[in-house]
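Below is my note on this chain, set out as numbered points. I begin with the order of the elements and then turn to the sheet, the helix and the charged pairs.

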Amino acid sequence: MLQVGHYIDFNGSKLVIKRAFKIEQLKPNFDTNVMKQWTNSDTLLKKDNWLYCCETLQEAIIISEETLG
């Protein structure tokens, strides 16, 4: 099982795992959009009978450059 808070690479993106659930604990045909809203996630992944609710990390943007001394 992957752990909550761990980072994973998926399809060229870096994701952080927000929540994890055993598939058997979930209601069949649950609403994935509700799950995403409830867990504040944008991606749901399944692996080894676990559902991982993940958030995609955005690229860092330099707002201003400062010289460090």
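1. Read from the N terminus, the elements of the chain follow one another as β-β-α-β-β, and the chain has one helix and four strands. The model is a predicted one, and this should be kept in mind for every value below; local features are reported where pLDDT is at least 70, and side-chain atom pairs count only at pLDDT 80 or more.

2. The four strands form an open sheet with antiparallel pairing, in the order β1-β2-β4-β3. The edges are held by β1 and β3, each of which pairs on one side only. On average, neighbouring strands of this sheet are turned by 45° against each other, direction ignored. As for the helix, α1 packs on the sheet and touches β2, β3 and β4, with its direction making about 105° with that of β2.

3. On one side of the sheet, strand β1 (residues 7-10) pairs with β2 in the antiparallel sense over four bridges, and within this pairing Y7 stands opposite V16 of β2. The two strands form a hairpin with two residues between them, and in the turn N11 has a positive phi of about 50°.

4. Strand β2 (residues 13-22) also pairs with β4, again in the antiparallel sense, and here the count is seven bridges. Two of the facing positions can be named: F21 stands opposite L51 in β4, while L15 stands opposite T56 in β4. As background to these pairings, strands of a sheet pair through backbone hydrogen bonds, either parallel or antiparallel.

5. On its other side, β4 runs antiparallel to strand β3 (residues 43-47), and five bridges join the two. Among the partners in β4, C54 is the one that bridges to T43, and C53 is the one that bridges to L44. This pair, too, forms a hairpin with two residues between the strands, and in its turn D48 has a positive phi of about 50°.

6. How much of strand β4 is covered? Of the seven residues in β4 (residues 50-56), five are buried, and the strand is thus described as mostly covered. For the chain as a whole, buried residues make up 25% of the 69 residues. The accessible surface of the chain comes to about 5800 Å², and carbon and sulfur atoms account for 48% of that surface.

7. The two ends of the helix each offer a detail that can be checked on the model. At the start of α1 (residues 32-39), a side-chain oxygen of D31 reaches to within 2.9 Å of the backbone nitrogen of N33. Just after α1, N40 takes a positive phi of about 55°.

8. How many salt bridges does the chain have? The count comes to two. In one of them, the side chains of K14 and D9 meet with a distance of 3.1 Å, N to O. K14 counts as partly exposed because its relative accessible area is 37%, whereas D9 counts as exposed because its relative accessibility is 62%.

9. In another salt bridge, the side chains of E55 and K18 meet, with a distance of 3.1 Å, N to O. This pair links distant parts of the chain, since E55 lies in strand β4 and K18 in strand β2, 37 residues apart. E55 is partly exposed, because its relative accessible area is 29%, and K18 is likewise partly exposed, because its relative accessibility is 28%.

10. A last point concerns contacts along the sequence. Among contacts between residues at least 6 apart in sequence, 43% join residues that are at least 24 apart. That figure may be read beside the pairing of β2 with β4 over seven bridges and beside the salt bridge between E55 and K18, which are 37 residues apart.

Definitions and conventions:
Residues numbered from 1 in each chain as written. Heavy atoms only, no water. Buried < 20%, exposed > 50% of the residue type's maximum accessible area, 1.4 Å probe, protein only. Pairing = 2+ DSSP bridges. Polar contact = N/O pair within 3.5 Å; in protein donor to acceptor, adjacent residues only side chain to side chain. Contact = heavy atoms within 4.5 Å. Areas by Shrake-Rupley, 256 points an atom, 1.4 Å probe, with all protein chains shown as cover. Axes fitted to C-alpha atoms, helices over the stretch in contact; angles between N-to-C directions. Salt bridge = Lys/Arg side-chain N within 4 Å of Asp/Glu carboxyl O.
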